[in-house]
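This report describes one protein chain, helix by helix. Please keep the sequence and the coordinates at hand while reading.

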Amino acid sequence: MLTSHNYTDAVLPTGIDLLDDVFTQILSEKGLCRDSEAAELIARRLFSLYQCGHRETKMLRDLAVGD
């Protein structure tokens with residue numbers, strides 16, 4: 001018998017799209033390249049925030065940038 005698993009940390013395609021949109025907005029506002037250390041830190045924050053339940057664009061952007 002197969003066991004059902006609840007993966008609450010999973011980021012589905014719609015979540016990836018949201019995170020990419022927010023990430024792209026932040027990079028544009030800050031004038032950062034995607035492969036910079038600052039961009040990596042922002043991406044990590046965004047994923048963490050998303051996994052904590054934040055789903056609104058403005059809230060994600062504000063909390064990920066932190067200023």
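## The end of helix α1

Directly after α1, G31 adopts a positive phi of about 65°. The model discussed here is a predicted one.

## Overall layout

The protein chain contains 3 helices and 0 strands. In sequence order the pattern is α-α-α. Of the 67 residues in the protein chain, 24% are buried. Among the contacts with a separation of 6 or more, 48% join residues that are 24 or more positions apart.

## Helix α1

Helix α1 covers residues 13-30. Its 18 residues should span 26 Å at 1.5 Å a residue, and the end C-alpha atoms of α1 are 25 Å apart, which agrees. The buried residues of α1 are G15, L18, L19, V22, F23, I26 and L27. Because they cover an arc of only 160° around the axis, these residues lie on the same side of α1.

The other side of α1 carries the exposed residues P13, T14 and S28. The cover over the buried residues of α1 includes α2 and α3. D20 also belongs to helix α1. With a relative accessible area of 34%, D20 counts as partly exposed, since that class lies between the buried limit of 20% and the exposed limit of 50%. D20 and L46 are 26 residues apart along the chain, and their C-alpha atoms are separated by 9.4 Å.

## Helix α2

Helix α2 runs over residues 37-51. For its 15 residues, a rise of 1.5 Å a residue gives an expected span of 21 Å; the end C-alpha atoms of α2 are 21 Å apart, so the two values agree. A39, I42, L46, L49 and Y50 are buried in α2. They occupy an arc of only 95° around the axis, and therefore sit on the same side of α2.

E37 and R44 are exposed on the other side of α2. Elements that cover the buried residues of α2 include α1 and α3. Just after α2 comes G53, with a positive phi of about 110°.

## How α1 and α2 pack

What angle do the axes of α1 and α2 make where they cross? The two axes come within 10 Å and cross at roughly 140°. The crossing of α1 past α2 is right-handed.

On the α1 side, the contact is formed by G15, I16, L18, L19, V22, F23, I26 and L27. Their partners in α2 are A39, I42, A43, L46, F47 and Y50. By residue class, this contact of α1 with α2 has 13 nonpolar residues, 1 polar residue and no charged residues. Several residues appear both in this contact and among the buried positions: in α1 they include L18, V22 and F23, and in α2 they include A39, I42 and L46.

## Helix α3

Helix α3 is formed by residues 57-65. Which residues of α3 are buried? They are L60, R61, A64 and V65. Because the arc they cover around the axis is only 110°, they are placed on the same side of α3. The buried residues of α3 are covered by elements that include α1 and α2.

M59 is found in α3 as well. M59 has a relative accessible area of 39%, so this residue is partly exposed. M59 and V22 are 37 residues apart in sequence, with a C-alpha to C-alpha distance of 9.9 Å. V22 is one of the buried residues of α1. Just after α3, G66 takes a positive phi of about 75°.

## Summary of the packing

The cover of the buried residues of α1 includes α2 and α3, that of α2 includes α1 and α3, and that of α3 includes α1 and α2. A glycine with positive phi comes just after α1, at G31; just after α2, at G53; and just after α3, at G66.

Conventions
Residues are numbered from 1 along each chain as its sequence is written. This is a predicted model: local features need pLDDT of at least 70, side-chain atom pairs count only at pLDDT 80 or more; totals for chains, interfaces and linings use all residues. Side-chain values use heavy atoms; hydrogens and water are left out. Axes are lines fitted to C-alpha atoms, for helices over the stretch in contact, and angles run from 0 to 180 degrees between N-to-C directions. Helices (H or I, at least four residues) and strands (E, at least two) are DSSP runs, numbered from the N terminus. A crossing is left-handed if the near helix is turned anticlockwise from the far one by less than a right angle, and right-handed if clockwise. Contact means heavy atoms within 4.5 Å. Ala, Val, Leu, Ile, Met, Phe, Trp, Tyr, Cys and Pro count as nonpolar, Asp, Glu, Lys and Arg as charged, and the others, Gly among them, as polar. The expected span of a helix is 1.5 Å times one less than its number of residues. Buried means under 20% relative accessible area, exposed over 50%, partly exposed in between (1.4 Å probe, protein chains only). The arc is that of the directions from the helix axis to the C-beta atoms.
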